[in-house]
Amino acid sequence: MKLTLEQIKTISVGALKVWEADGAFRFAKCTQKQVDAWYKLDEILGFRAETTTGVRLDFHTNSTAFAFTPQINGEYERYELYIDNVFTYYYTKADFVENTRKEIVLDGKEHRITLYLPGHEIGALESVEIDDGATIAPHKFDCKMLFFGDSITQGWESTWDALSYAHNVSRVFNANSVIQGIGGSYSHNTVFDKEIEFEPEIVIVAYGTNDWKHYQTLEEGRMHFSQFLDQLVERYGDKKLFGISPIWRDDYEKDPAMGSFESCCDYVKEEIKKHNMILIEGESLVPPLPEFFIEDVLHPNTSGFGIYALNLVAQMRQY
C-alpha cells in the first residue's frame, strides 16, 4: 500500500508544510517568508533554508515490510533509517544509482519506523509503502522544540545527519522538533516570521559564530541579534527560551573587522540575558580540543556533536 499525501502529513515531523509536486512528496522546514528573506540575503542561504534538515517520517506499524523511493536531486543525498529508535540503515546517493526503491523486511510485529530525510539537500519522496491493511500510527511525542541556528545546528559535517546535536537532543526529550539550521547563516532582523504555525514548549537559539566574521562592527552584529531576539520573545515569550552562545573555535585569535571573537561572544551572552532567556554558555558544551572537530576546527565531528548534546541536555534538565 502506497501512503497518500494525507497519511504522509500525519507522520511527518520537522516540516512546517508538506505537499505534493512534480511527482513527489515535499517538505519545508521554513516558511516561505523565511526562505524568501534568506534568498534576499544570499542565494546559498536561500537554498539551505529549503533543505530538509530535521525532517523525518516517524510512525508505528505492524507491516512485514517498509519501502520508500526518494527523488534524487542533490550531490549529498542521504537517508537514514531508525527502527525502534536504533540506527539501522543508511543510504547515500551511490546506493540509489541502480534502484531508488529501498525495501526493509520486518517481522509483522509493531515497530517504530523513523526515516530521516537529507539534512543538506532538498529531500523528496516519490513513494512510501507498507503492507495492505497494516496499521499505521504517528509517533507520540512528549514535547515540541524549535531550533534556530547556523551550520552547527544544521549538523554540518556530522557523519550522519541524525546524529547532529539538535537531533540527539530531540531524541533524548522525545521531542517533535523543527530544526531551522542553515549553514553559513547569521542572526538578522528580516529572517524571523511571527506567523510560523508551530507551537513549541521549548525554543533554542544558537547564532553568533558567523556573525563574528559577517558584520563589520560589534554594534552592527549586536543590533541584528537583538532585533531577532525582540521578535522571538514577542512571538514565544511564554515558552521556555534557551540561548546558546558560540562554541569554541580554533581561529578565534584572528581579528576580523568587528573585533575579537570573545567580544562577539560577550554581546551574544548579554543580549540573551537582556531578553530574559536562559543562557547556555557555548564554551561549556564542546571541549576546546581539535579531536572533537573536523579539519576546520569550527564544526564538531560526530563525537563532538554527541558531547555537545550530552552537555546541553544536562543543562536544559536543570530548567
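Which residue stands opposite Thr 114 in E9? In the predicted model described here, that position is taken by Tyr 82. The contact belongs to the pairing of strand E6, residues 78-83, with E9, an antiparallel arrangement that extends over four bridges. Strand E9 itself covers residues 111-116, and six of its six residues are buried, so the strand is largely enclosed by the rest of the structure. The burial applies to both faces: His 111, Ile 113 and Leu 115 point one way from E9, Arg 112, Thr 114 and Tyr 116 point the other way, and all are buried. A further pairing involves strand E4, residues 56-61, which runs antiparallel to E9 and is joined to it by six bridges. Within that pairing, His 60 has Arg 112 of E9 as its bridge partner.

The loop between E6 and strand E7 (86-92) contains Asp 84, and Asn 85 is likewise found in the loop between E6 and E7. Asp 84 adopts a phi near 55 degrees, a positive value in a residue other than glycine. For Asn 85, which is not a glycine either, phi is also positive, at about 70 degrees. The relative accessibility of Asp 84 is 39%, so this residue counts as partly exposed. Asn 85, with a relative accessibility of 36%, counts as partly exposed as well.

At the level of the whole chain, nine helices and 16 strands are present. The radius of gyration is 20 Å, close to the 20 Å that the globule rule gives for 319 residues, so the chain is as compact as a globular protein of that length. The C-alpha trace spans about 60 × 40 × 40 Å along its principal axes. Of the 319 residues in the chain, 57% are buried. The accessible surface comes to about 13,700 Å², and carbon and sulfur atoms account for 49% of this area. When contacts between residues at least 6 apart in sequence are considered, 79% join residues at least 24 apart.

A parallel sheet forms another element of the architecture. Five strands make up this open sheet, in the order E13-E12-E14-E15-E16. Its edges are strand E13 (175-181) and strand E16 (278-280), each of which pairs on one side only. From one strand to the next, the twist averages 20 degrees. Strand E12, residues 143-149, pairs in the parallel sense with strand E14, residues 202-206, over five bridges. One of the positions in this pairing is Met 145, whose bridge partner in E14 is Ile 202. Helix H5, residues 165-172, packs on the sheet and touches E12, E13, E14 and strand E15 (240-244). The direction of H5 makes about 165 degrees with that of E12.

Aromatic side chains contribute further contacts, with 25 aromatic pairs in the structure. In one of these, the ring centres of Trp 38 and Tyr 186 lie 6.3 Å apart with their planes at 75 degrees, so the pair is edge-to-face. Trp 38 lies in helix H2 (residues 32-41), whereas Tyr 186 lies in the loop between E13 and E14, so the pair ties together parts that are 148 residues apart in sequence. Trp 38 and Tyr 186 are both buried. A second geometry is found for Tyr 165 and Tyr 308: the ring centres are 4.0 Å apart and the planes meet at 20 degrees, so this pair is stacked. Here the link is between Tyr 165 in helix H5 and Tyr 308 in helix H9 (residues 302-316), distant parts of the chain that are 143 residues apart. Tyr 165 and Tyr 308 are both buried. Helix H5 thus appears in two settings, packing on the sheet and carrying Tyr 165 of the pair with Tyr 308.

A grouping of aromatic residues is also present elsewhere in the model. Phe 59, Phe 66, Phe 68, Tyr 79, Tyr 89, Tyr 91 and Phe 96 form one aromatic cluster. Among the members, Phe 59 falls within the residue range 56-61 of strand E4, and Tyr 79 falls within the range 78-83 of strand E6. Strands E4 and E6 each pair with E9 in the antiparallel sense.

Note on methods. Residues are numbered from 1 along each chain as its sequence is written. This is a predicted model: local features need pLDDT of at least 70, side-chain atom pairs count only at pLDDT 80 or more; totals for chains, interfaces and linings use all residues. Side-chain values use heavy atoms; hydrogens and water are left out. Two strands pair if DSSP finds at least two bridges between them. Axes are lines fitted to C-alpha atoms, for helices over the stretch in contact, and angles run from 0 to 180 degrees between N-to-C directions. Contact means heavy atoms within 4.5 Å. The radius of gyration is taken over C-alpha atoms; the globule rule is 2.2 Å times the number of residues to the power 0.38. Buried means under 20% relative accessible area, exposed over 50%, partly exposed in between (1.4 Å probe, protein chains only). Accessible areas come from the Shrake-Rupley method with a 1.4 Å probe; for residues, only the protein chains shown count as cover. Rings of Phe, Tyr and Trp (its six-membered ring) pair if their centres lie within 6.5 Å; planes under 30 degrees apart count as stacked, over 60 as edge-to-face and the rest as tilted.
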